[in-house]
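This report introduces a protein structure to a reader who meets it here for the first time. Strand pairing, a pocket and two backbone angles are treated in turn.

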Amino acid sequence: MAAPMEVALVTDAAGPLCNCSAWELHSGSALPGYRGGNSGPRGLALLGGEHLLGAQLGKSYINVWELQRKDQLQQKIICPGPVTCLTASPNGLYILVGVAESIYLWEVSNGNLLAILNRHYQDLTCLCFTDDSSHFLSGAKDCLALVWNLYSVLQAEPSQIPDPRHVWSRHSLPITDLCCGFGGPLARAATASLDQTAKLWEVSSGELLLSVLFDVGIMAVTLDLSEYHMFCGGMDGSIFQVDLCAWPVQRDRTFQTERENGKVFKGHRNQVTCLSVSTDGSLLLSGSHDETVRLWDIQSKQCLKTMNHKGPVTNAFIVLAPANMLNPDGKPSAPLPKFSKHLHGTESSYEQGSEGLTLRLGLHQQSLLFGSCRSLERATWRRPGKPTHRCTQQGKR
């Protein structure tokens, strides 16, 4: 039985002609690309092995392709504002989208917007799920990385404000990237920051396991499948390999480039924006603002292949090719629904939904909560035949 094919998916910020290029990892053979639009950083995701999602750069919508129909867009998911990052759960049931400082959670089967989470204070930069879809992580420009229990978010009462399971606040500058290893809630997660550090955490306890200081800001981070190594992409184009099994064990480490020259990949001329490791741990894929994607042999640190693009590379990652990607006659098991822009329940019962929306949007900061209520008042005023003030609604109830 042939081994599953590994495919590299790459996007750049050049223009709308070809949104996503694809090529077979080991042979380098080009595959048909996905056309229409261009995706922003951390804005590309596979959904359930049947669809490809791409957040349009600087716009308020997400492009959707069926994997086997690469020549045209099938759908657009309209969002409340420009999308800064997105991800899809590995089980294909949920989509997470970052819009400004808010996280939007959609259910794929019916398009319902289940939650809007406002616990960050500045724009989101990255999102990811654990491999079992039980938890998700968010990073933002507020220097915080948050760990969320998906079940707790879904089960929260309308009167409750969902709280993250952990708040990681050890970074001193914006979070630029994060990734999660294998093991579900027992996994380890890595975060990267402009503060020149990459940190390794334990998801279950929230404990900081390792902090590595570099001499440049870190823009991208990933782990190999066995989690023996952590790879960190720097603002100067260097890629650093950190051994996670080094002895003696030290929680705080400084990566000394001159002493660890054999653990540095050199070739990019500008900041590294994305990193991904092949399933067998032998190859490293990297994208950069120097408009190239490079494939590296990890053991020798040699560049095996360079792909030139027409703009800064925004996304580059390795996936096992789903069957639908290679079968032109394949079809999704079910079409995607229309995705709602309002929290679930607000369309069916306006009076009940408006209050639920206010509670879901609630923050500890009273000023932001007040701003949400003012927005609801204006929305209520525009609806003919409805009360013009929320106090009127509460009086009726």
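Two strands are said to pair if DSSP finds at least two bridges between them; strands themselves are DSSP runs of E with at least two residues, numbered from the N terminus. The model is predicted, so local features need pLDDT of at least 70 and side-chain atom pairs count only at pLDDT 80 or more, while totals for chains, interfaces and linings use all residues. Residues are numbered from 1 along each chain as its sequence is written, and side-chain values use heavy atoms, with hydrogens and water left out.

An open sheet of four strands follows the order 20-21-22-24, and its pairing is antiparallel. Strand 20 and strand 24 (264-265) form the edges, each pairing on one side only. Within this sheet, strand 21 (residues 229-234) is joined to strand 22 (residues 239-243) by five bridges in the antiparallel sense. Glycine 233 is found opposite isoleucine 239 of strand 22.

Strand 16 (residues 175-180) is largely enclosed by the rest of the structure, because five of its six residues are buried (under 20% relative accessible area with a 1.4 Å probe, protein chains only; exposed is over 50%, and partly exposed lies in between). Strand 16 runs antiparallel to strand 17 (residues 188-193), and five bridges join the two. Here isoleucine 175 faces serine 193 of strand 17.

Where does the lining of the largest pocket come from? Elements giving two or more residues to it are strand 4 (39-47), strand 8 (83-88), strand 12 (124-129), strand 16, strand 20 (218-223), strand 25 (272-277) and strand 29 (313-320). Strand 29 supplies the largest share, seven residues. By class, the lining has 28 nonpolar residues, twelve polar and six charged. Nonpolar here covers Ala, Val, Leu, Ile, Met, Phe, Trp, Tyr, Cys and Pro, charged covers Asp, Glu, Lys and Arg, and polar covers the others, Gly among them.

Most residues other than glycine have a negative phi. Two exceptions are tabulated below.

| Residue | Phi | Loop between | Relative accessibility |
|---|---|---|---|
| Glutamine 196 | about 75° | strand 17 and strand 18 (197-202) | 30%, partly exposed |
| Glutamate 291 | about 70° | strand 26 (283-288) and strand 27 (292-297) | 32%, partly exposed |

Neither glutamine 196 nor glutamate 291 is a glycine, yet each has a positive phi.
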